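Let's take a walk through this structure together, one sheet at a time. Have a look at the fold before reading on.

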Amino acid sequence: MSTSKPLSMKTMARAPSSTKSKRISIDIPSDNYITVDNRPMPVFFSNLEVPAVIRATVTFENDQDCQGQDVEINYTAAVVFEVTAMTFFSAKTKIPHNLQRKRWTMSNLVRPTPGTVAAGRYTKTVTATIDPLWPSSGVTSASVKGTGWVRYTFEASFLKTSIGGASPVLATMPYEVWVVNSIMPSEAGALSNVPKPLTAHAPGKKPDLPVSLTIPKQTLQFHEQVPLTVRVEPFRKGSKRSGQNIVVLSAGFSVREKVQGWSRSATGVDVEHVTDVAQIAIREGWPQNTLGGWTRTVSITLPTAPEINASMTSKAMDISHSVLFTLKYKAENDSDMKAQEVTVEVPFQMVVPRRNMQAQDDFLPTYSAADAQAYLQKHADDEKDLPYYSREE
């Protein structure tokens, strides 16, 4: 086994994946693919009973004997947050949290002499078992301060000995797979957990109109249809609008994703950005000119991957979610200029549902390996559409 230091992604990306006489590639077959950032990516589903197992086959070919040390294969499961520090110039710092790292070398290389590999075609298949408790793959929305991702990647390189260690002669780009981990219990286990509704009220007493929002349970799933119940009570006693009818001008819901990156800088400053992943304006059906308050239930469908991520906590990045209800209202005797707005926010945990293999309309839109190959052939000369996606040149 090689004793060389692990190569950085930046170093490996500079080495080509083929020359006139040598080639190296990675193949990771999957029954399903997903399109992320306009590139196909193999999908692996995992749950508490059946963890996903990824099989990657690395092929190294050389047409003639050549100098070289090892073919090295690296697998990394990592949470990374990239912070952009605005000083005299913009400097990006990546804060990684490795969930798992594995490294293999090819044991079947034929060596006519030390430091030489004989001409031939060499393959090695490696496997990585995904812990279902790890976060699913995901990419957070970028902001001026930072962006984050959960990434599962394989890389391979052909190394030669150089001063101070080993350097790559050939290297693949990081080959990323999309991992979907579900921590939801089986149907039998789910029956023992009775969901408890969760209610939040408008903060403080500043809004003269008491408003509350109730969600059916604190744990919600990708693409789930969720009934949201809004309760509006009469104007508070003692307020200027007490005793008047309530007029609704506009109302709507939004699904919010909050990302916190732990920069761990000397100043201890953390980075946070918030994205309203989905906004649902409800223009009709709100009770009008009501004196005694009212209750209304509206169902919304939550987003799914890759538009939204599962909730998670890690050393590099936290992702949390909430549902917001915003109501713009006035009293019947007020003009529109005196309208007020109130927002109620209910936090919840976003999780990946258990996949129904028989479902025609699954929570994650996937397509076949043949469709992925057709896409690759169509965009074979367009590297911009395929960042990080490895293929044989």
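In what order do the four strands of the open sheet with antiparallel pairing lie? The order is E14-E15-E17-E20. A quick word on the terms: strands here are DSSP runs (E, at least two residues), numbered from the N terminus, and two strands pair if DSSP finds at least two bridges between them. Keep in mind that you're looking at a predicted model, where local features need pLDDT of at least 70, side-chain atom pairs count only at pLDDT 80 or more, and totals for chains, interfaces and linings use all residues. Residues are numbered from 1 along each chain as its sequence is written, and side-chain values use heavy atoms, with hydrogens and water left out.

Now to the edges of that sheet. Strand E14 (198-201) and strand E20 (294-301) sit there with a single partner strand each, so one side of each has no neighbour in the sheet. On average, neighbouring strands are turned by 20 degrees against each other, direction ignored; the axes behind such angles are lines fitted to C-alpha atoms, and angles run from 0 to 180 degrees between N-to-C directions. Look next at strand E17 (residues 225-232), which runs antiparallel to E20 and is joined to it by eight bridges. One spot to find is Pro227, whose bridge partner in E20 is Ser299.

There's also an open sheet of three strands, in the order E1-E4-E9, with antiparallel pairing. Its edge strands are E1 (22-27) and E9 (120-129), and each pairs on one side only. From one strand to the next, the twist averages 15 degrees. Strand E4 (residues 53-62) is joined to E9 by ten bridges, and the two run antiparallel. Here you can spot Ala56 standing opposite Val126 in E9.
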